[in-house]
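Work through the exercises below with the sequence and the model at hand. Each task is followed by a solution in steps.

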Amino acid sequence: MKPNHYIFTSESVTEGHPDKVCDQISDAVLDRVLKEDPAGRVACETFITAGLAIVGGEITTTTHLDVPDLVREVVKDIGYTDARYGFDYKSCAILNAVGRQSPDISQGVTEGQGEHKEQGAGDQGLMVGYACRETEQLMPLPIMTAHRLCRKLAEVRKEKVLPWLGPDGKSQVTAEYRDGKVVSIPRVVIATQHTTDVLDPTGELMSREAKEAVRDEVIKPVLGDFYREGETVWIVNGTGKFVIGGPQCDTGMTGRKIIVDTYGGEAPHGGGAFSGKDPSKVDRSASYMARYIAKNIVAAGLAERCEIQLAYAIGVAEPVSVYVNPHGTGKLTDEQLVKIVREVFALKPREIIETLDLLRPIYRPTAAYGHFGRENEGFTWEKTDRVDELIKAAGL
């Protein structure tokens with residue numbers, strides 16, 4: 001059990017963060033394949049650095065992929081359209097290093113092939129889902145607030161409210177908990193790329209006026225009542241300035257923001273990234289299913305908090321384990337909850353794909369601002385449509 005009083009921190013990053021640029025490119029490739037070839041197999045990885053993007057991985061598809069065109073489209077949409085940001089969609093070099101999926105893996109995930117004949121998991125591993133009552137979306141409040149701050153940074157940049165902002169940025173939210181509830185947000189950290197237009201007269205620091213503009217246009221609107229004048233400590237660009245950013249500043253790679261993508265550190269993580277992977281990869285599809293199960297359990301009132309772990313063996317359809325942890329808040333025993341989960345939810349890879357309708361080009365939007373807690377964006381794993389079944393199975 002958690003202590004009655006503690007401090008907890010989560011972070012998020014903007015769509016222009018180098019790692020997130022890579023996630024979005026990889027998922028744009030996946031979407032292009034699924035749009036024209038739902039049976040295609042994709043494991044796409046992207047690497048970017050100053051002036052260069054490399055796209056690699058294993059892709060088996062009947063569709064034509066214009067990788068350079070996809071890369072430039074994503075980079076342009078994110079906002080790297082000006083040489084002042086150190087990375088430009090028009091001039092960056094692009095290397096296509098895509099190969100085909102190993103036939104040894106393919107036979108394990110193709111219906112009628114391999115040792116077990118039915119569609120098996122694309123890899124071994126464990127996947128975790130989580131839900132709690134801290135927000136309307138049944139997500140932890142710190143990570144949801146961090147995502148909202150980063151979305152707000154992008155909004156005020158694109159709408160020219162703060163036109164001197166660049167695409168790269170990060171947020172960090174520190175929450176104070178008492179008796180299981182957030183009672184304050186004592187600290188907020190923002191790192192946001194900006195042009196030289198808002199440097200102070202020395203040219204070495206971001207001006208105080210610009211930092212206060214970020215506070216007024218981003219931090220205050222997002223925090224709402226949690227922003228307390230004179231109490232909330234806010235830090236904008238703690239090094240002093242952030243002119244050099246994006247791929248010019250840091251290399252980026254697909255799959256390096258797995259905690260940002262999930263629950264902000266509030267729940268364990270199985271270790272597998274999501275972006276660039278088609279749904280035959282249980283790293284992605286079973287993580288979505290675990291969130292779907294956890295959210296429905298909490299929505300049904302069977303627990304205030306719920307953690308789900310699913311584990312698979314490569315080429316085998318049935319999960320090797322199902323684990324439910326309500327963290328002491330369950331209305332039933334853990335064993336009873338596991339039994340109910342197995343009764344209500346179909347957990348083989350093919351069943352997960354069908355239940356959540358995952359063979360659709362829906363993935364690029366997931367690649368920034370988190371994969372969970374986004375109820376109005378068509379993500380099927382956020383539905384709470386199994387509540388009645390769970391209540392009936394629980395005998396409540």
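The exercises treat a predicted model, and they take up its pocket, its cavities, its cysteines, its nonpolar cores and two buried positions.

**Exercise 1. The largest pocket**

Determine how much space the largest pocket holds, which residues lie nearest its centre, and how its lining divides by class.

Solution.
- Step 1. The volume of the largest pocket comes to about 410 Å³.
- Step 2. Its lining consists of 21 residues, and E134, D179, G180, K181 and R305 are those nearest the centre.
- Step 3. Two elements, β5 (125–132) and β7 (181–194), give two or more residues to this lining.
- Step 4. Sorted by class, the lining of the largest pocket has 8 charged, 8 nonpolar and 5 polar residues.

**Exercise 2. The cavities**

State how many cavities of 30 Å³ or more the structure holds, then describe the lining of the largest cavity and of the second largest cavity.

Solution.
- Step 1. There are 2 cavities of 30 Å³ or more.
- Step 2. The largest cavity has a volume of about 80 Å³. Of its 13 lining residues, V128, H269, G270, F274 and S287 are closest to the centre.
- Step 3. β5 and α7 are the elements that give two or more residues to the lining of the largest cavity. β5 gives the most, with 3 residues.
- Step 4. The lining of the largest cavity divides into 6 polar, 6 nonpolar and 1 charged.
- Step 5. The second largest cavity has a volume of about 50 Å³. T14, E15, L153, A154, R157, L165, G166, P167, D168, G169 and T192 line the second largest cavity.
- Step 6. Here the elements giving two or more residues are α4 (141–158) and β6 (165–178). The largest share, 5 residues, comes from β6.
- Step 7. By class, the lining of the second largest cavity has 4 polar, 4 nonpolar and 3 charged residues.

**Exercise 3. The cysteines**

Explain why C150 and C306 form no disulfide.

Solution.
- Step 1. The cut-off for a disulfide is a pair of cysteine sulfur atoms within 2.5 Å.
- Step 2. For C150, the closest cysteine sulfur is that of C249, 16 Å away, so the two are too far apart for a bond.
- Step 3. For C306, the closest cysteine sulfur belongs to C132 at 11 Å, which is also too far for a bond.
- Step 4. The count of disulfides is 0.
- Step 5. As to surroundings, C150 is buried at 0% relative accessibility, and C306 is buried with a relative accessible area of 0%.

**Exercise 4. The nonpolar cores**

Identify the residues of the largest nonpolar core that touch the most other members, and list the contacts of L310 beyond its neighbours within four places in sequence.

Solution.
- Step 1. The largest nonpolar core has 78 residues, of which M289, I297, I308, L310, Y312, F345 and W381 touch the most other members.
- Step 2. The most residues in this core, 10, are given by helix α7 (residues 282–299).
- Step 3. With neighbours within four places left aside, L310 is in contact with G125, L126, M127, A286, M289, A290, S321, V322 and L347.
- Step 4. Another core, of 29 residues, lies apart from the largest one; V173, L223, Y227 and W234 are among its members.

**Exercise 5. Two positions compared with the chain around them**

Is V74 buried or exposed, and is G276 buried or exposed? Place each one in its element and list its contacts outside the neighbours within four places in sequence.

Solution for V74.
- Step 1. V74 belongs to helix α2 (residues 67–78).
- Step 2. V74 has 0% relative accessibility; buried means under 20%, so V74 counts as buried.
- Step 3. Beyond the neighbours within four places, V74 is in contact with Q24, I25, A28 and R364.
- Step 4. V74 and I362 are 288 residues apart along the chain, and their C-alpha atoms are separated by 15 Å.

Solution for G276.
- Step 1. G276 sits in the loop between α6 (258–261) and α7.
- Step 2. The relative accessible area of G276 is 0%, so G276 is buried.
- Step 3. Beyond the neighbours within four places, G276 is in contact with S26, D27, V42, A43, C44 and R284.
- Step 4. From G276 to Y130 the C-alpha distance is 22 Å, with the two positions 146 residues apart in sequence numbering.

Note on methods:
Residues are numbered from 1 along each chain as its sequence is written. This is a predicted model: local features need pLDDT of at least 70, side-chain atom pairs count only at pLDDT 80 or more; totals for chains, interfaces and linings use all residues. Side-chain values use heavy atoms; hydrogens and water are left out. On a 1 Å grid over the protein atoms alone, a cavity is a set of points where a 1.4 Å probe fits but cannot get out, and a pocket is an open set with protein on both sides within 12 Å along at least five of seven lines; lining residues have an atom within 4 Å of a point. Grid points are joined across faces, edges and corners, and a volume is the space filled by probe spheres set on the points. Helices (H or I, at least four residues) and strands (E, at least two) are DSSP runs, numbered from the N terminus. Ala, Val, Leu, Ile, Met, Phe, Trp, Tyr, Cys and Pro count as nonpolar, Asp, Glu, Lys and Arg as charged, and the others, Gly among them, as polar. Buried means under 20% relative accessible area, exposed over 50%, partly exposed in between (1.4 Å probe, protein chains only). A nonpolar core is a set of buried Ala, Val, Leu, Ile, Met, Phe, Trp, Tyr and Cys residues joined through side-chain atoms within 4.5 Å. Contact means heavy atoms within 4.5 Å.
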